[in-house]
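With the model open in your viewer, please follow the stops below in order, making each selection before reading what is found there.

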Amino acid sequence: MLDPSTRRLRPLPRAAAIGAVLVLTAVLGGGLAGATSAAKAKPPQPPKVSLGDNVFKPTKLTVAAGTTVTFTWTGSNTHNVKVTSGPQKFKSPNQSSGTYMFRFTKAGTYKIVCTFHPGMEMTLKVNKAPASTTTTPPSS
Ligand SMILES: [Cu+2]
């Protein structure tokens, strides 16, 4: 004999269905508004790395060759930026505020550390700059 409770299919209450449609509309509307404002504020921001206490942010960054990266001291401790391995080597002064800029012209992987704080490190990958005369084939 069948248990009557298993056959009872409850239809979705109408109010719940209307609610779902309203939520979907709100999401779509918000998404469109976001896309419009993003298209307006288009100027590409130069990549930035911040030096907090005691961490680089981000810890992984990829840029194209020829890109100038700005390191900004946001913490209160003294930090520096030093390449321990990579195609180009540099070391910033020891600073507790301000910025340091470096233009990465050689492709490769750069291991960057702060010499004061073990574990305060990041990886910066520099990709070959795209040749200006060639066009990238459409991805399919
Ligand atoms: Cu540090």
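Select Tyr-100, which in this predicted model is found in strand S6. Tyr-100 counts as partly exposed because 19 C-beta neighbours lie inside 10 Å, whereas a residue would need 20 or more to be called buried. If you now display its surroundings and leave aside the neighbours within four places in sequence, you will find Tyr-100 in contact with Phe-71, Val-81, Ser-92 and Gln-95. Add Asn-80 to the selection as well: Asn-80 and Tyr-100 are separated by 20 residues in sequence, and their C-alpha atoms are 9.2 Å apart in space.

Next, widen the view from Tyr-100 to the sheet that contains strand S6. This is an open sheet of four strands in the order S2-S1-S4-S6, and its pairing is mixed. Its edge strands, each pairing on one side only, are S2 (56-57) and S6 (99-104). Moving inward, select residues 48-51, which form strand S1, together with residues 67-73, which form strand S4; these two strands pair in the parallel sense over four bridges. To see one position of this pairing, pick Lys-48, which stands opposite Thr-70 in S4.

From there, turn to strand S8, residues 121-127, and colour its residues by face: Met-122, Leu-124 and Val-126 make up the covered face, while Glu-121, Thr-123, Lys-125 and Asn-127 make up the uncovered one. Which strands pair with S8, and in which sense? Strand S3 (residues 60-64) pairs with S8 in the parallel sense over five bridges, and within S8 the bridge partner of Thr-62 is Lys-125. Strand S7 (residues 108-113), by contrast, pairs with S8 in the antiparallel sense over six bridges, and here you can select Gly-108, which stands opposite Val-126 in S8.

Now follow the chain through the loop between S7 and S8, where Gly-119 is found. Is Gly-119 buried or exposed? Gly-119 is exposed, because 8 other C-beta atoms lie within 10 Å, and the limit for that class is 12 or fewer. Select Asn-54 too, and you will see that Gly-119 and Asn-54, though 65 residues apart in sequence, are 8.5 Å apart from C-alpha to C-alpha.

Finally, colour the model by pLDDT, whose mean over the protein is 81, with 62% of the residues reaching 70 or more. Select residues 27-36, where pLDDT stays under 50 and the model has zero contacts beyond four places in sequence. Where pLDDT is low, the predicted coordinates should not be read in detail.

Notes: Residues numbered from 1 in each chain as written. Predicted model: local features only at pLDDT ≥ 70, side-chain atom pairs only at ≥ 80, totals over all residues. Pairing = 2+ DSSP bridges. Contact = placed C-beta atoms within 7 Å. pLDDT = per-residue confidence, 0-100.
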